[in-house]
Amino acid sequence: MNRKKIALIGGGQIGGVLAQLIAQKELGDVVLFDIVEDMPQGKTLDIAEASRVDQFDVSLNGTNDYKDISGADLVIVTAGLPRKPGMSRDDLLTTNAGIMKQVAEAVRDNAPDSIVIIISNPLDAMVTLFQKVSGFPHERVIGQAGILDSSRFSTFIAWELGVSVKDVNAMVLGGHGDTMVPLVRYANVNGVPVMEMLERKYGDEAKAKEVIDAMVNRTKMAGGEVVKLLKTGSAFYSPASSAIQMAEAIIKDEKRLLPTCAYLDTEYDAGGYFVGVPTVLGASGIEKVVEVSLNEEESAAFEKSLNAVKGLVSDMERLGF
Ligand code: APR
């Protein structure tokens with residue numbers, strides 16, 4: 001069987017969970033790269049030794065040599081520092097931009113035909129930098145943020161309404177920062193508008209608004225909430241699961257409509273920036289950017305978020321990247 005080759009750049013918390021999920025789902029052969037000696041070799045050996053129990057037939061290799069990612073079909077990048085309590089994602093900019101530049105050069109030189117999913121923060125800036133340095137076509141460089149932010153929002157909605165999270169559809173657009181835009185008006189439980197359910201639950205429009213606003217705010221701060229509890233790093237199970245949904249859509253050519261950090265040319269009047277929007281993901285990467293109509297309030301929020309991304313990108317450029 002001709003299995004796909006998936007290279008994971010960064011073998012830390014998220015990288016390790018990615019490797020395990022790829023193996024369990026048999027999405028492809030895994031190469032786990034990290035600059036720390038022996039650690040990726042140890043993690044892949046550990047996961048491989050569960051193959052009998054978990055019943056998977058894929059190969060797992062840990063490495064400190066970029067040559068081993070050669071010919072990779074898909075690359076997922078988590079290299080970089082995670083947040084510590086009190087830090088914003090943007091505080092990681094200088095350090096992680098330096099790391100991302102190295103990673104982009106190495107992926108360009110060793111796996112030039114790959115599709116790349118970026119997870120490292122600050123996300124929108126890291127995706128922008130990777131594409132710039134690698135020169136890869138825009139549709140092959142994709143950021144993971146929207147799936148996780150949307151999953152967090154959906155989880156809070158399910159808890160509040162006492163319904164299965166499987167039936168909740170809610171999407172978060174914009175940059176992966178405090179200005180992200182949870183789309184309340186489109187949120188529904190198998191077609192039933194979330195706002196209508198909240199209004200019926202509380203019998204009061206103002207109270208329903210207060211409850212949804214609290215969930216929106218929790219979603220925006222959800223990454224920080226986890227950082228504060230973990231103390232030594234940032235969320236890793238949920239970012240890994242979210243990136244795997246993207247990887248699966250690409251590898252199986254599923255054409256799934258998922259929010260991702262994608263390059264926008266004329267769409268959403270974004271004029272050449274990477275930011276979170278609904279996209280169709282398939283074998284070629286981003287196959288379509290889906291435009292959704294936004295009302296005045298939503299447009300203003302999206303524009304604010306886009307401006308935050310633009311600010312971050314220009315900060316990065318000022319730093320020489
Ligand atoms: N090249 C490759 N890997 C590197 C490099 C580099 N130049 N520099 C650091 N790394 C590796 C580290 O050795 C570490 O193993 O990146 C890994 C990052 O792992 P963690 O510190 O455990 O961080 P993780 O929780 O996986 O998050 C990674 O994703 O969500 C974002 O904000 C998060 O930017 C962070 C990234």
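This is a short chat about the pockets, the cavity and one helix of a predicted model.

Me: Before we start, what kind of model is this, and which pLDDT limits apply?
Reply: The model is predicted, with local features needing pLDDT of at least 70 and side-chain atom pairs counting only at pLDDT 80 or more, while totals for chains, interfaces and linings use all residues. Residues are numbered from 1 along each chain as its sequence is written, and side-chain values use heavy atoms, with hydrogens and water left out.

Me: Great. What volume does the largest pocket have?
Reply: About 730 Å³. A pocket here is an open set of points on a 1 Å grid over the protein atoms alone, with protein on both sides within 12 Å along at least five of seven lines. The volume is the space filled by probe spheres set on the points, which are joined across faces, edges and corners.

Me: And which residues lie nearest its centre?
Reply: Thr-78, Ala-79, Gly-80, Leu-81 and Pro-82, out of 39 lining residues; lining means having an atom within 4 Å of a point.

Me: Where does that pocket lie relative to the domains?
Reply: Domain 1 (5–145) and domain 2 (146–321) both give residues to the lining, so the largest pocket lies between them. The domain bounds come from an automatic or database domain assignment.

Me: Which helix gives the most to that lining?
Reply: H4, with four residues. Helices are DSSP runs of H or I with at least four residues, strands are runs of E with at least two, and both are numbered from the N terminus.

Me: Switching topic: how many cavities of 30 Å³ or more are there?
Reply: One, and about 60 Å³ of space lies in it. A cavity is a set of points where a 1.4 Å probe fits but cannot get out.

Me: Which strand gives the most to the cavity lining?
Reply: Strand E12, with three residues.

Me: Now helix H9. Which of its residues are buried?
Reply: In H9 (residues 222–230), Ala-222, Gly-223 and Val-227 are buried, meaning under 20% relative accessible area with a 1.4 Å probe and protein chains only, whereas exposed means over 50%. Those three cover an arc of only 140° around the axis, which puts them on the same side of H9. The arc is that of the directions from the helix axis to the C-beta atoms.

Me: What's on the other side?
Reply: Lys-228 and Leu-229, both exposed.

Me: Which helices do the buried ones pack against?
Reply: Helix H6 (146–161) and helix H8 (205–220), with contact meaning heavy atoms within 4.5 Å.
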